[in-house]
Amino acid sequence: MSEKICPVCHKALKLKEAGYPMGSALLKADRVHVDIYECPECERVELFAAESDLVKCPKCGSLHSAKEACAICALNGALDEATK
């Protein structure tokens with residue numbers, strides 16, 4: 001993982017959250033995962049495409065962070081239960 005530098009004060013950014021999911025679970029194509037970095041000096045927050053370990057769901061094929069359950073499958077399960 002390459003070092004990220006703050007574009008404002010040029011200090012090294014610190015990783016705050018890896019593989020954070022963004023976008024709608026309903027629209028699988030719009031869901032992306034980002035690594036969130038924060039500058040310890042000016043507190044600016046920067047987002048970068050996730051460099052962390054993403055896994056492919058064996059059931060639906062969507063990508064998600066290894067530390068989270070598949071949001072697509074969880075949503076589909078909840079919708080199936082609601083229609084019973």
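Let's start with K16 and E38, whose side chains meet in a salt bridge at 3.5 Å, N to O. Keep in mind that this is a predicted model. The K16–E38 pair links distant parts of the chain: K16 sits in strand β1 and E38 in strand β2, 22 residues apart. And the two partners, are they buried or exposed? K16 is exposed, at 53% relative accessible area, while E38 is partly exposed at 23%.

How many salt bridges does the count give? It comes to three.

Next one, then: E51 and K4. Their side chains meet at 2.9 Å, again N to O. E51 is in the loop between β3, residues 45-49, and β4, and K4 is in the segment before β1, residues 14-22, so this pair ties together parts that are 47 residues apart in sequence. On accessibility, K4 counts as buried, with 10%, and E51 is partly exposed at 38%.

The remaining bridge to show you is E46 with R44, where the side chains come to 2.4 Å, N to O. E46 is buried, at 15% relative accessible area. R44, on the other hand, counts as partly exposed with 36%.

Okay, now the residue I'd like you to zoom in on: D35. You'll find D35 in strand β2, which covers residues 32-38. D35 is buried, and yet it has no salt bridge. So which side chain of opposite charge is nearest to D35? That's K4, and K4 is 6.8 Å away. The cut-off for a salt bridge is 4 Å between the nitrogen and the carboxyl oxygen, so at 6.8 Å the D35–K4 pair doesn't make the list. We've already met K4, of course, as the partner of E51.

What D35 does have is a backbone partner: a polar atom of the D35 side chain lies 2.8 Å from the backbone nitrogen of E51. Put those together and E51 shows up twice, with its side chain in the bridge to K4 and its backbone nitrogen by D35.

Who else is around D35? Leaving out neighbours within four places in sequence, its contacts include L15, E17, A18 and G19, and also E46, L47, F48, A49, A50, E51 and S52. E46 there is the partner of R44 from a moment ago.

Moving along the chain to V55, in strand β4, residues 54-56. V55 is partly exposed, with 31% relative accessible area. Not counting residues up to four places away, V55 touches S62, L63, H64, S65 and A66. If you measure across to E68, 13 residues on in sequence, you get 9.7 Å from C-alpha to C-alpha.

Let's zoom out to finish. There are five strands and one helix, and from the N terminus the order is β-β-β-β-β-α. The radius of gyration is 16 Å, well over the 12 Å the globule rule gives for 84 residues, so this protein is more spread out than a compact globule. You can see that in the C-alpha trace, which spans about 55 × 20 × 20 Å along its principal axes.

How much of the protein counts as buried? Of the 84 residues, 23%. The exposed surface is about 5700 Å², with carbon and sulfur atoms supplying 55% of it. And as for contacts between residues at least 6 apart in sequence, 36% join residues at least 24 apart.

Key: Residues numbered from 1 in each chain as written. Predicted model: local features only at pLDDT ≥ 70, side-chain atom pairs only at ≥ 80, totals over all residues. Heavy atoms only, no water. Helix = DSSP H or I, 4+ residues; strand = E, 2+ residues; numbered from the N terminus. Buried < 20%, exposed > 50% of the residue type's maximum accessible area, 1.4 Å probe, protein only. Lys, Arg positive; Asp, Glu negative; His and termini not counted. Polar contact = N/O pair within 3.5 Å; in protein donor to acceptor, adjacent residues only side chain to side chain. Contact = heavy atoms within 4.5 Å. Rg over C-alpha atoms; globule rule 2.2 N^0.38 Å. Areas by Shrake-Rupley, 256 points an atom, 1.4 Å probe, with all protein chains shown as cover.
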